[in-house]
Amino acid sequence: MKLRYFSHSAFLITTGSGIRILIDPFLDANPTSPVKSGDVTAEYIIITHGHGDHIGDAFKIAKRCKSKFICVNELANYCISKGFDAHNMHIGGGHNFEFGRVKFTIAHHGSMTSDNYYAGEPSGVVLSVDGKNIYHTGDTGLFYDMKLIGEMTPIDYMLLPIGDNFTMGITDAVKAVELANPKTAIPMHYNTFPVINADPNEFKKRVEQIGKKCTVLQFGQEIQL
Ligand code: NI
Ligand code: MN
């Protein structure tokens, strides 16, 4: 399996069998993404919540690739209302897809779309693909149940925001890593705009100080998991 980080909260997972799962593809209006929407292909698109920096270019990509959305019910219905195919889920529920399992988690945040449609509760997502568990927290503040999420599904990679202002900042994100106890933490949602500037190497240093691993991905970088 491969994991590519575009910047912000946008990731692409490519399974060993070649199925592509795109998460929160904010690319064209994202000043930090080296990749634009026309260069991304995906069979599935997961959106964590309705904000513009998470829906991003999902509809453009889904139109070209005939992608299937996987989201919480209200956001999935929003995608369906725009003419797309979706699999409706909700927080606490998991489902086995052809590429692996998807389970939605809570996130403490908002979820109104840019055209003022209520998109349900914001979410995080745990993906179990090719024998590895990846927890993308979505946009969220720190919450103690991250400990429960990590106990129910031992996490290999935790993708979590460090940019502060709208989400956890570095201090809370380090605590989140302590609670969810992943093998490796990967910071996201930073340096896209000045208000969320944060130093990922400072986060890495502080994660290592609590005895955990952290990998800082460059914008556009792809790694083998
Ligand atoms: Ni948001
Ligand atoms: Mn956001």
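Here is a short conversation about how some labels in this structure are earned.

Reader: What kind of model is this, and how are things numbered?
Author: This is a predicted model, where local features need pLDDT of at least 70, side-chain atom pairs count only at pLDDT 80 or more, and totals for chains, interfaces and linings use all residues. Residues are numbered from 1 along each chain as its sequence is written, chains are lettered from A and ligands numbered from 1 in the order in which they are written, and side-chain values use heavy atoms, with hydrogens and water left out.

Reader: What makes His49, His51, His109 and Asp139 donors of the nickel ion (ligand 1)?
Author: Donors are N, O and S atoms within 2.8 Å of the metal (3.2 Å for Na, K and Ca), and water is not among the atoms, so sites may look incomplete. Here His49 (NE2), His51 (ND1), His109 (NE2) and Asp139 (OD) lie 2.2 to 2.3 Å from the nickel ion, so they qualify. Asp139 also coordinates the manganese ion (ligand 2), which is 3.2 Å from the nickel ion.

Reader: Why is the site of the nickel ion (ligand 1) called irregular?
Author: Four donors count as tetrahedral if all angles lie between 85 and 135 degrees; four count as square planar and six as octahedral if opposite donors are over 155 degrees apart and all others between 65 and 115; anything else is irregular. The four donor atoms make angles of 87 to 173°, so the site cannot be tetrahedral, and irregular is the label given.

Reader: Why is His51 called partly exposed?
Author: Buried means under 20% relative accessible area, exposed over 50%, and partly exposed in between (1.4 Å probe, protein chains only). His51 has 22% relative accessibility, so it is partly exposed. His109, at 25%, is partly exposed as well.

Reader: Is His136 buried or exposed, and how do you know?
Author: His136 is buried, because its relative accessible area is 0%. This residue is found in strand E10 (residues 132–136); strands (E, at least two residues) and helices (H or I, at least four) are DSSP runs, numbered from the N terminus.

Reader: What makes Ser7 and Asn30 a polar contact?
Author: A polar contact is a pair of N or O atoms within 3.5 Å; within protein, one must be able to donate a hydrogen and the other to accept it, and residues adjacent in sequence count only if both atoms are side-chain atoms. The side chains of Ser7 and Asn30 are joined at 2.8 Å, so the distance fits. Ser7 itself lies in strand E1 (residues 2–7) and is buried, at 0% relative accessibility.
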